[in-house]
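Me: I've got a structure to go through before I head back to the bench. Can you walk me through it?

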2 protein chains.
Amino acid sequence: MCENCGDLTHIVDANGMSRRGLVLGGATLMAGAALVAVSGEANAQSRSTTVAAAAIRPFPVRAWGNDSATSPITVRQIMRRAIGPNDVHLDVLYCGICHSDIHQNRDDTPSQRTTFPVVTGHEIIGRVRAIGSAVTKFKVGDIGGVGAMVDSCGTCKQCLAGREMNCEKGATFTYNTPDKISGGMTSGGYSEGIVVAEHFVLRISPGVNLAATAPLLCAGITTFSPMQHWELEAGQRVGVIGLGGLGHVAVKLAASRGADVTIFTTSPGKVADAQRLGAREAVLWSDTVAMKRLAGQFDLLISTVPQPYPMQPFIDVLGLDGTLVNVGVIDGLQDINGLSLIFSRKSVAGSVIGGIPETQALLDYCALRNITADIELVRTNQIDEAMNRMLNKNVRYRFVIDMAAA
Amino acid sequence: MCENCGDLTHIVDANGMSRRGLVLGGATLMAGAALVAVSGEANAQSRSTTVAAAAIRPFPVRAWGNDSATSPITVRQIMRRAIGPNDVHLDVLYCGICHSDIHQNRDDTPSQRTTFPVVTGHEIIGRVRAIGSAVTKFKVGDIGGVGAMVDSCGTCKQCLAGREMNCEKGATFTYNTPDKISGGMTSGGYSEGIVVAEHFVLRISPGVNLAATAPLLCAGITTFSPMQHWELEAGQRVGVIGLGGLGHVAVKLAASRGADVTIFTTSPGKVADAQRLGAREAVLWSDTVAMKRLAGQFDLLISTVPQPYPMQPFIDVLGLDGTLVNVGVIDGLQDINGLSLIFSRKSVAGSVIGGIPETQALLDYCALRNITADIELVRTNQIDEAMNRMLNKNVRYRFVIDMAAA
């Protein structure tokens, strides 16, 4: 694409010479020695027969973000980097709206200040528009997913162990993080296009519901990873605290492992969904009789609530050696009694997304079992409204932006 | 012993008939079909050549306790139960003063109210005075130890797994716990004698320093157990928060495993002890430069401080998958940031003493390696003074009551 005119078919080669590219159905004419565009053999999922050339200069895309914590989310133009040898350029099809997005768009987290303007979104499903010369995992037309991170050093102990989010040199998260490649801050998936290193683009199995798979990239892996790490087994009792975007996926994932799942919710209106999602029951936090009945019963609790709340009633339902894994609260934890942890060797832990290998494993696991999120599609001009509804707990259970409907 | 006259040599037999027992050096005249007193073959450690008959009725012993949270600890008479078939009657030689004793004597813990009068003490070393007919682990004259518990159901899953403190029917702790055998509340080791079921009496290896071994029964096992459970290995970095009775034993135990130990203390006067105890260094909590230098370095922290304190600075020195194990704070935990746990999958856990098999393993481990507590002996009339000095952090590092000096 020409950086002067913005035309994606106007290619600038490695020597700075420009020419008009040919964009043909299923075929791409590439320019630039380091860049190879592979013929797009559209797979069964591909709805596009047109594949563009890989850009060798930064190029603009439309995106949806805001300029301050109190300003609305509006369309704007942001730049994506030139496609390097290992990069994949995705046309974003769907992007889930995660509560973390709200934290950043509204800059409500003292420990994670927002650099405005910001474009959030890290539950991204897209179609490969172009690839760099060294890319082997994708071809043009494939479907790829991007979660909460887009870069890491790739050489440290953690990266080599597939825990890129704990990269010793600092992982680059999908938005509001200093971008070591392009400078500035990263911009997320509320965008019509994104360029991401191949390693951080997940394969999406053919045949899955793409929109409903998008939330697995964050909500899914965030709740799957603790089940793996704390080795949730069939027959064990697991509680899911908070039945929102993360919580409802956690219930499905835990149930799929044969665990005995209980939902803890503050919303009477959600109780009826328990069995459909795979839980034994849903218990209201306010139901002190039920909470007492459940004392000491649980092996694992996954707390998906994004705001601080008194945790002791839940620690009380943990059994011996039980663990409450908080994946939601990013502020101070409230109401944890030392003695109650001591007597039954209980733990309160945290867990963050998962590495790329684990995320791929989750996506493959879900594709095999037809596990997806329960979603409501919204358009790009409905993002603020969707966020407000999330804050009012008025979503069953994840909003996903349909970029094609923008 | 006659329950009317209190004379240990005045034996009441199974038929309620009383007669004068013969108490001879190395030999015991027994009464009661269910009771057998074994000849006391005094071992190398036994300083006594006089062994009394096993009592078949409750009998009085002198003990040191108090009548209210504000009253001093004074001598009094309490009753010990008749010696059942599985019971061991110990003459208490030494009893450590644990911070838990202060909590109970001064009734300062809302979640664990004290029933007064109370006699505390659960780091007990004694000489076997008499045994029940079914006792096989001890003979009269042997040395035995008693820690923080004296009874459990013996048949539940936890008891069978050697985790008697988590007995599903409720373990009986050594003091201030409803006594399922005798009624009333249990009375601890600040006493000249105690009757405990054989299973809860630990073997003490010949040749050890008995007074300095007493604290291992609580301080030792409380810090050893988390090292076992969280699998502290040679070369790992472990921090011990608080250098008191538990802390200094924790340092010795961790160092004995080849771990790289750092002490976190509030007492500048204790820094010099670090290397002698086996630590790499001692860091003052107030040393923000050192705390920053240590960020992300530790695999395991064992927090022995008995009062709530802000935990976040310590969570910050934990590395990936690190765990802070609190064995001291029994009130609300303070200052734990959710995000800091999330990003590096850190945990805050609790741990309580250890089961009888693990406690025996600890005692054997320490005997082999000559690990004991650093102690200061006190007399029974110095208990209050010792407790006040503990609260003022003026002890290096454990007070032990010398009952023979009473």
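Me: Do the copies meet through the same surface or through different ones, and what percentage of chain A's interface residues says so?
Reply: This is a predicted model, where local features need pLDDT of at least 70, side-chain atom pairs count only at pLDDT 80 or more, and totals for chains, interfaces and linings use all residues. Residues are numbered from 1 along each chain as its sequence is written, chains are lettered from A and ligands numbered from 1 in the order written, and side-chain values use heavy atoms, leaving out hydrogens and water. Contact here means heavy atoms within 4.5 Å. The copies meet through the same surface, because the share of chain A's interface residues that are also interface residues in chain B is 100%.

Me: What turn lays chain A on chain B?
Reply: Superposing is by least squares on the C-alpha atoms of residues with pLDDT of at least 70 in both copies. The RMSD is 0.0 Å, with a shift of 0.0 Å along the axis and a turn of 180°. The copies are thus related as by a two-fold rotation axis, and the turn is 180°.

Me: Which residue of chain A comes closest to the rotation axis?
Reply: Go by the C-alpha: the distance is 2.6 Å. The residue is A:V348.

Me: Is A:N176 buried or exposed?
Reply: A:N176 has a phi near 55°, positive though the residue isn't glycine. Buried means under 20% relative accessible area, exposed over 50%, and partly exposed in between (1.4 Å probe, protein chains only). A:N176 has 11% relative accessibility, so A:N176 counts as buried.
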